[in-house]
Amino acid sequence: MNLDTIGYIHSKETFGTVDGPGVRYVLFLQGCPMRCLYCHNPDTWASFGGEEWTVKEVIDDYEKYRPFLKDGGITLSGGEATVQMDFVLDLFEACQERGIHTCLDTCGVLFKDDDEETLRKYEKLMEVTDIVMLDIKHINPRQHKVLTGHSNENIIKFLDFMDKHNMNIWIRHVIVPRITFNKEFLFETGELLGNYDNITAIDVLPYHTMGVNKYEELGFKYPLEGVPALSNEDAQVAKNIILMGRKKTREKLGKI
């Protein structure tokens, strides 16, 4: 562990209530290889920029808020936090030594099971992380590449890896009209999730258009122009379909 390891921080939230259990201190890190069409933080894509913070500076800042972070801890999000894996590992190890609960919000795309150095770091990640919030982008491999620019192969491998390490997994899935709001895809997503014993939460998030202004400010064309936001009611419909698919797999495996 190196307390002088530097991370590039896009922004922070000191009263986060949706990024893990309890009230949390959330850091959004710079850098992301994905180009999700619905991304509402395109200003986090670049690995450069943001503020430079050392691990020690983060811990010291966290301690200022600790009395107010009831049943919480630190969450690292992005961007894609694992772009800065060395910072994540050193920070989470420092948290572990101080009894600070750790949560990683990731899409899992950078996981590799055929690279010894990468695998070593992910093994360490499992040791110092209490909860992983995994973003499932799309169940269909071809549609996943259209939506994000990347295959979902590594993401599913990461699910397998975490399950073998008994990681507490929270699933997040954004429901987008015309893209993921599809009964077949949602049911298949549930069927996949049913294979894993350590998924303790499934959060279905309705697509929103709050990121449109950021694209305009950056001079980018918004990829989903004209696609309406999803209602909370439709998000609940989507979640019910996912849960039905998960139940089918669990019954087939004799786990219900």
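This passage describes the sheet, the helices packed on it and several backbone features of a predicted model.

The strands form an open sheet of 8 strands in the order β3-β1-β2-β4-β5-β6-β7-β8, and the pairing in this sheet is mixed. Its edge strands are β3 (51–54) and β8, each of which pairs on one side only. Averaged over the sheet, neighbouring strands are turned by 30° against each other, with direction ignored. Helix α5 (residues 153–164) packs on this sheet and touches β5, β6 (131–136) and β7. The direction of α5 makes about 155° with that of β6. Another helix, α6, lies across β6, β7 and β8 and runs at about 175° to β7.

Strand β5 (residues 101–106) runs parallel to β4, to which 4 bridges join it. Along this pairing, Leu76 stands opposite Leu104 in β5, and Thr75 stands opposite Cys103 in β5. Between these two strands the chain passes through α2, and the resulting β-α-β crossover from β4 to β5 is right-handed. Strand β5 is mostly covered, with 5 of its 6 residues buried. Strand β5 also pairs with β6 in the parallel sense, again over 4 bridges. In this pairing Thr106 stands opposite Leu134 in β6. The connection from β5 to β6 goes through helix α3 (residues 116–128), and this β-α-β crossover is right-handed as well.

Helix α8 comprises 21 residues (residues 232–252). At 1.5 Å a residue, a helix of this length should span 30 Å, and the end C-alpha atoms of α8 are 30 Å apart, so the expected and modelled spans agree. The buried residues of α8 are Ala235, Ala238, Ile241, Ile242, Gly245, Arg246, Thr249 and Arg250. Two arginines, Arg246 and Arg250, are thus listed among the buried residues of this helix. The cover over the buried residues of α8 includes two strands, β7 (168–175) and β8 (199–206), together with the helix α6 (183–193). Strands β7 and β8 and helix α6 are therefore elements that cover α8, while α6 itself lies across β6, β7 and β8. Just after α8, Gly254 takes a positive phi of about 70°.

Further backbone features occur in loops. The peptide bond from Gly78 to Gly79 is cis, with omega near 15°. Gly79 is placed in the loop between β4 (73–77) and α2 (85–97). Two residues that are not glycines also have a positive phi: Asp71, at about 55°, and Arg178, at about 75°. Asp71 is found in the loop between α1 (55–65) and β4. The relative accessible area of Asp71 is 61%, and Asp71 is exposed because this value is over 50%. Arg178 is found in the loop between β7 and α6. With a relative accessibility of 66%, Arg178 also counts as exposed.

Methods: Residues numbered from 1 in each chain as written. Predicted model: local features only at pLDDT ≥ 70, side-chain atom pairs only at ≥ 80, totals over all residues. Heavy atoms only, no water. Expected span 1.5 Å × (residues − 1). Buried < 20%, exposed > 50% of the residue type's maximum accessible area, 1.4 Å probe, protein only. Contact = heavy atoms within 4.5 Å. Pairing = 2+ DSSP bridges. Axes fitted to C-alpha atoms, helices over the stretch in contact; angles between N-to-C directions. Right-handed = clockwise from strand over helix to strand, strands pointing away.
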